[in-house]
Amino acid sequence: MSYATMMVHLELGKSNADLLTITGDLAERFQASVIGIAACQPIQYVYGDGFISGAVLDQNRAEIQQEAAAAETEFRAVLGDRVTDLDWRFAITSASIADYIGEEVRSADLLISKPDRGGSLLDRTRNVDMGDLIIRAGRPVLVVPAGATRLTPDRVMIAWKDSREARRATLDALPLLEMASHVTLVEIASEDDTAQAGKRLDDVADWFKRHGIAAVPLVVRATGDDASAIEAVAQEQSADVIVAGAYGHSRLREWVMGGVTADLLLAANRCALLSH
């Protein structure tokens, strides 16, 4: 299995060089084509009786177009010598940015993005709701923490829960897992469920083995704070990437991923591959 086409979501008005460098590394490993994508909503505020002059709207659109042109230029400059097949997509959309990207990602096997950092409370036109995006994508989403300059998926940890979403995530992660030298399969379980959790993990480990992946099963006793338990294991294992199923409410920060909050995965100094 492989990721033949990757889509990378770029922020407007900011440098995306680090994210593009990581995208280039992965694209070279998989010999993948790359689609760059950016989107923005038009200006959204009420002034006086709700009237916004045409000049203001034109200026806003011009600024957006200028930022999009800069993002495309950076996209092609960073990846042009590394990836032979590049494509660029951009839209000013009245719909949510998650809706637009969620539709366009039909063209890709993997979506790469930074976490939503919130942005200005006064201007949400450039921010994507990551929860909505992952729900709409129907593709695995690799969330790269801000400031990360490289990704070496050598040690991967799977936060397992016996759910549809976790099964989907492990399948989606196979190309990445095949690159890893060490894969840990972790389930947080209550004392009464420890034996059953071990059997579940053995089943998954056997499934991985048939794909040529050696995964080490690890049952961790639940203490009431699954997020801290997963983070402790990730640190102990020096995990470069956490793979998890994503499900729950529409906003990622409110989600629960097998007991691990999305806040933990997005805030950690490591990448997270999430599937819904």
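Student: What area does the chain expose, and what share do carbon and sulfur atoms supply?
Tutor: The model is a predicted one. In it, the chain exposes about 12,800 Å². Carbon and sulfur atoms supply 47% of that area.

Student: What percentage of the residues is buried?
Tutor: Buried means under 20% relative accessible area. The chain has 276 residues. Buried residues make up 50%.

Student: How many helices and strands are there in the chain?
Tutor: Both kinds of element occur here. The counts are 9 helices and 12 strands.

Student: In what order do the strands of the open sheet run?
Tutor: The sheet has 10 strands, and their pairing is mixed. Its edge strands are β3 (86-92) and β8 (215-221), and each pairs on one side only. Neighbouring strands are turned by 20° against each other on average, direction ignored. The order is β3-β2-β1-β4-β5-β12-β9-β6-β7-β8.

Student: Which strands does helix α1 touch?
Tutor: Helix α1 covers residues 17-30 and packs on the sheet. Its direction makes about 175° with that of β1. The strands touched by α1 are β1, β2 (33-40), β4 and β5.

Student: What angle does helix α5 make with β9?
Tutor: Helix α5 (residues 164-172) also packs on the sheet. It touches β6 (155-159), β9 (241-245) and β12 (271-275). Its direction makes an angle with that of β9 of about 140°.

Student: Are the residues on the two faces of strand β4 buried or exposed?
Tutor: Strand β4 spans residues 110-113. L110 and I112 lie on one side, L111 and S113 on the other. Both faces are covered, and these four residues are all buried.

Student: How many bridges join β1 to β4, and in which sense do the strands run?
Tutor: Strand β1 covers residues 5-9. Within this pairing, M7 stands opposite L111. The strands are joined by 3 bridges and run parallel.

Student: Which residue of β5 stands opposite I112?
Tutor: β4 pairs with strand β5 (residues 141-143) in the parallel sense, over 3 bridges. L111 stands opposite V141. Opposite I112 stands L142.

Student: Which elements do the buried residues of helix α4 pack against?
Tutor: Helix α4 (residues 130-137) is mostly covered, with 6 of its 8 residues buried. These are M130, G131, D132, L133, I134 and A137. They pack against α3 (97-104), β4, β5 and β12.

Student: What phi does G138 take?
Tutor: G138 comes just after α4. Its phi is positive, about 65°.

Student: Where does Q31 lie?
Tutor: Most residues other than glycine have a negative phi. Q31 is not a glycine, yet has a positive phi of about 50°. Q31 counts as exposed because its relative accessibility is 74%, and exposed means over 50%. Its place is the loop between α1 and β2.

Student: Is S238 buried or partly exposed?
Tutor: S238 lies in the loop between α8 (226-237) and β9. Its phi is near 55°, a positive value in a residue other than glycine. Partly exposed runs between the 20% and 50% cut-offs. With a relative accessible area of 44%, S238 is therefore partly exposed.

Student: With which residue does the side chain of R200 make a polar contact?
Tutor: R200 is in helix α7 (residues 194-210). Not counting residues up to four places away in sequence, R200 touches D162, E187 and D193. The side-chain polar contact, at 2.6 Å, is with D193.

Student: How many aromatic pairs does a search of the whole structure find?
Tutor: The search runs over the whole structure. The number of aromatic pairs is 3.

Student: Why is the pair of Y3 and F30 edge-to-face?
Tutor: The ring centres are 5.1 Å apart. Y3 is in the segment before β1 and F30 in helix α1, 27 residues apart. Y3 counts as buried at 3% relative accessibility, and F30 counts as buried at 12%. Planes over 60 degrees apart count as edge-to-face, and these planes are at 65°.

Student: At what angle are the ring planes of W207 and F208?
Tutor: W207 is partly exposed, with a relative accessible area of 27%. F208 counts as buried at 0%. The ring centres lie 5.1 Å apart and the pair is tilted, with planes at 50°.

How values were computed: Residues are numbered from 1 along each chain as its sequence is written. This is a predicted model: local features need pLDDT of at least 70, side-chain atom pairs count only at pLDDT 80 or more; totals for chains, interfaces and linings use all residues. Side-chain values use heavy atoms; hydrogens and water are left out. Buried means under 20% relative accessible area, exposed over 50%, partly exposed in between (1.4 Å probe, protein chains only). Two strands pair if DSSP finds at least two bridges between them. Axes are lines fitted to C-alpha atoms, for helices over the stretch in contact, and angles run from 0 to 180 degrees between N-to-C directions. Contact means heavy atoms within 4.5 Å. Accessible areas come from the Shrake-Rupley method with a 1.4 Å probe; for residues, only the protein chains shown count as cover. A polar contact is a pair of N or O atoms within 3.5 Å; within protein, one must be able to donate a hydrogen and the other to accept it, and residues adjacent in sequence count only if both atoms are side-chain atoms. Rings of Phe, Tyr and Trp (its six-membered ring) pair if their centres lie within 6.5 Å; planes under 30 degrees apart count as stacked, over 60 as edge-to-face and the rest as tilted.
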